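Student: I have a model open and I'd like to learn how to read its features one at a time. Can we go through it together?

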Amino acid sequence: MAKKKKYYVVWVGAQPGIYEDWPTAQAQITNFPKARYKSYESLEEATLAFRKGPQDAFRKKKPTLPTTNTPYIAHSISVDAASSGNPGIVEYQGVWTHNKQRIFYGGPFTHGTNNLGEFLALVHALALLDKKKEYTIPIYSDSKTAISWIKNKKVRTTLERSSKNTEIFELVDRALDWVRTHEIRNKILKWDTQKWGEIPADFGRK
């Protein structure tokens with residue numbers, strides 16, 4: 001089985017940058033005092049990390065779910081989106097809240113926004129539960145914007161359509177049509193990040 005390709009970000013080294021092979025990256029940090037570097041699974045992740053700097057990459061992450069009892073509903077779906085740039089490469093996912101097991105994934109889509117990804121994730125979850133006729137399962141999102149778009153059945157994005165984002169806008173149009181032609185029977189709840197930590201569907205790139 002072929003070894004998965006990695007990308008190496010060097011923030012502090014002989015020549016800071018993003019490298020596609022370890023020997024070249026290693027040459028930048030060897031014998032360099034207090035070198036800072038890290039590997040990533042994709043070029044998009046590496047590019048975003050390089051822009052944010054080493055402080056963000058090595059910041060201690062808060063636990064996603066607190067150990068104390070919390071009032072969120074465990075038997076639920078959590079959705080989230082991630083965007084490398086704004087506009088940039090967008091992806092979204094839905095997971096079971098109690099164990100973070102992925103249920104669905106969408107992307108990557110070029111030249112989109114995080115709000116569009118959050119909206120698509122919510123509609124994907126709604127459509128999935130509607131198809132299975134499981135209307136007692138709530139859906140959590142940490143996006144007030146996406147929740148309001150569902151409620152108002154209108155997408156209020158300032159992103160202009162172009163040949164770069166045809167794919168994501170086609171999905172948004174289909175999602176909006178679904179929202180307008182179906183009864184929303186599952187509860188959509190706002191995830192309280194301040195009390196409960198990052199939403200379980202978070203991509204972990206903040």
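**Reading the sheets, cores and rings**

Tutor: Sure, let's start with a sheet: three strands make an open sheet in the order β2-β1-β3, with antiparallel pairing. Keep in mind that this is a predicted model.

Student: Why is one side of β2 and of β3 left without a neighbour in the sheet?

Tutor: Look at the strand order. β2 (17-19) and β3 (36-40) stand at the edges with a single partner strand each, so one side of each has no neighbour in the sheet. From one strand to the next, the twist averages 20°.

Student: How many bridges join β1 and β3?

Tutor: Five bridges, in the antiparallel sense, with β1 covering residues 7-12. For one concrete contact, take V10: its bridge partner in β3 is Y37.

Student: Which helices go with this sheet?

Tutor: Helix α1 (residues 22-29) lies across β1, β2 and β3, and runs at about 10° to β1. Helix α2 (residues 43-52) packs on the sheet too, touching β1, β2 and β3, and its direction makes about 5° with that of β1.

Student: On to the five-stranded sheet. What is its strand order?

Tutor: The order is β6-β5-β4-β7-β8; this sheet is open as well, and its pairing is mixed. At the edges stand β6 (102-112) and β8, each with a single partner strand, so each has one side without a neighbour in the sheet. The twist here averages 25° between one strand and the next.

Student: In which sense do β4 and β7 pair?

Tutor: In the parallel sense, over two bridges. S78 has Y140 as its bridge partner in β7. Helix α5 (residues 144-152) lies across β7 and β8, at about 150° to β8.

Student: Now the interior. How should I think about a core?

Tutor: The general idea is that nonpolar side chains tend to be buried together in soluble globular proteins. In this model the largest nonpolar core has 31 residues, of which V79, L116, F119 and I168 touch the most other members. β4, β5 (88-96), β6, α4 (114-132), α5 and α6 (166-181) each supply at least two residues of that core.

Student: Which element gives the largest share of this core?

Tutor: That's α4, with nine residues. There is also a second, separate core of seven residues, and Y7, Y40, A46 and A57 are among them.

Student: What does V79 touch?

Tutor: Leaving out residues up to four places away in sequence, its contacts include Q93, F104, L122, I139, Y140 and I199.

Student: And how do I read a pair of aromatic rings?

Tutor: A ring pair is described by the distance of the centres and the angle of the planes. The count of aromatic pairs here is ten. In one of them, Y72 and W196 sit edge-to-face, 5.4 Å centre to centre with 65° between the planes. That pair links distant parts of the chain: Y72 is in the loop between α3 (54-57) and β4 (77-85), and W196 is in helix α7 (residues 193-196), 124 residues apart.

Student: Are Y72 and W196 buried or exposed?

Tutor: Buried, both of them. Y140 and W191 form another edge-to-face pair, at 5.2 Å centre to centre and 90° between the planes. Both Y140 and W191 are buried, and ring pairs link Y72, Y140, W191 and W196 into a cluster.

Student: Where does R185 lie?

Tutor: Over the face of Y135, at 3.9 Å from the ring centre. Likewise, K5 lies over the face of Y7, at 5.2 Å from the ring centre.

Conventions:
Residues numbered from 1 in each chain as written. Predicted model: local features only at pLDDT ≥ 70, side-chain atom pairs only at ≥ 80, totals over all residues. Heavy atoms only, no water. Phe/Tyr/Trp six-rings, centres within 6.5 Å; stacked < 30°, edge-to-face > 60°. Helix = DSSP H or I, 4+ residues; strand = E, 2+ residues; numbered from the N terminus. Buried < 20%, exposed > 50% of the residue type's maximum accessible area, 1.4 Å probe, protein only. Lys NZ or Arg CZ within 6 Å of the ring centre and 35° of its normal. Pairing = 2+ DSSP bridges. Axes fitted to C-alpha atoms, helices over the stretch in contact; angles between N-to-C directions. Contact = heavy atoms within 4.5 Å. Core = buried A, V, L, I, M, F, W, Y, C linked by side-chain atoms within 4.5 Å.
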